[in-house]
Amino acid sequence: MTSTPKNTAKHNNSAKIQDATALLHSDHVLVSGLFAQYEKTRSTPKKMELVSQICAELTVHAQVEEEIFYPAVKQALKDKELVPEATVEHATLKELISQVEGVPPDGEMFNAKIKVLSEYVKHHVKEEEDEIFPKAKATKLDMAALGAQMAGRKQELFAQRA
Ligand SMILES: [Fe+2]
Ligand SMILES: [Fe+2]
């Protein structure tokens, strides 16, 4: 399970330009890997590190989708359903994130919250990848430009959190 260290190697961003859906897909894969690591580890410090990383990745990802990807797709598709639903799901995700971010992993209730968060993310990601992405790709949207814009915004948001 080797994931690309794209968020740690900031200077490398320009070397690998991803289009919009590829960029979002990479984030989805990265977060799913972090959840898998959380399930496997028994170490509390490792859990804390993973939760902090999961929350940061999910928060930045959701914000970039809401600011850039969702509005572009909504307009291109004249969508009144998929993007509003996804936005409502983001609100639920943020609520779940607020229950675990910065909270010490203290046993079964904490593990349960991470499990529910991971299942919720899986459901949300499946809807994006199965429903929104194929429709978005079929439009005339400039996915390369959107991807570049999102990559820049991600970098900015991670810098603000650091
Ligand atoms: Fe999303
Ligand atoms: Fe997403």
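Does H28 count as buried or exposed? At 8% relative accessibility, H28 counts as buried, where buried stands for under 20% relative accessible area, exposed for over 50% and partly exposed for anything in between (1.4 Å probe, protein chains only).

A word on the ground rules: this is a predicted model, in which local features need pLDDT of at least 70 and side-chain atom pairs count only at pLDDT 80 or more, while totals for chains, interfaces and linings use all residues. Residues are numbered from 1 along each chain as its sequence is written, chains are lettered from A and ligands numbered from 1 in the order in which they are written, and side-chain values use heavy atoms, with hydrogens and water left out.

H28 turns up again at a metal. The iron ion (ligand 2) is held by H28 (NE2), H61 (NE2), E65 (OE) and E128 (OE), at 2.0 to 2.2 Å. Donors here are N, O and S atoms within 2.8 Å of the metal (3.2 Å for Na, K and Ca), and sites may look incomplete because water is not among the atoms. Along the chain, these donors follow the spacing H-x32-H-x3-E-x62-E. The pair H28 and E128 links distant parts of the chain, with H28 in helix α1 (residues 20-40) and E128 in helix α4, 100 residues apart. Helices are DSSP runs (H or I, at least four residues), as are strands (E, at least two), and they are numbered from the N terminus. E128 counts as buried too, at 1% relative accessibility.

Next comes the iron ion (ligand 1). Its coordination involves E65 (OE), Y70 (OH), H90 (NE2), H124 (NE2) and E128 (OE), at 2.0 to 2.5 Å. The spacing of this set reads E-x4-Y-x19-H-x33-H-x3-E along the chain. Distant parts of the chain are linked here by E65 in helix α2 (residues 44-77) and H124 in helix α4 (residues 108-137), 59 residues apart. E65 is buried, at 0% relative accessibility, and H124 is buried as well, with a relative accessible area of 4%.

So what does E65 bridge? E65 bridges the iron ion (ligand 1) and the iron ion (ligand 2), which lie 3.3 Å apart.

Away from the metals, K78 lies in the loop between α2 and α3 (82-100). With a relative accessible area of 72%, K78 is exposed. Its phi is near 50°, a positive value in a residue other than glycine.
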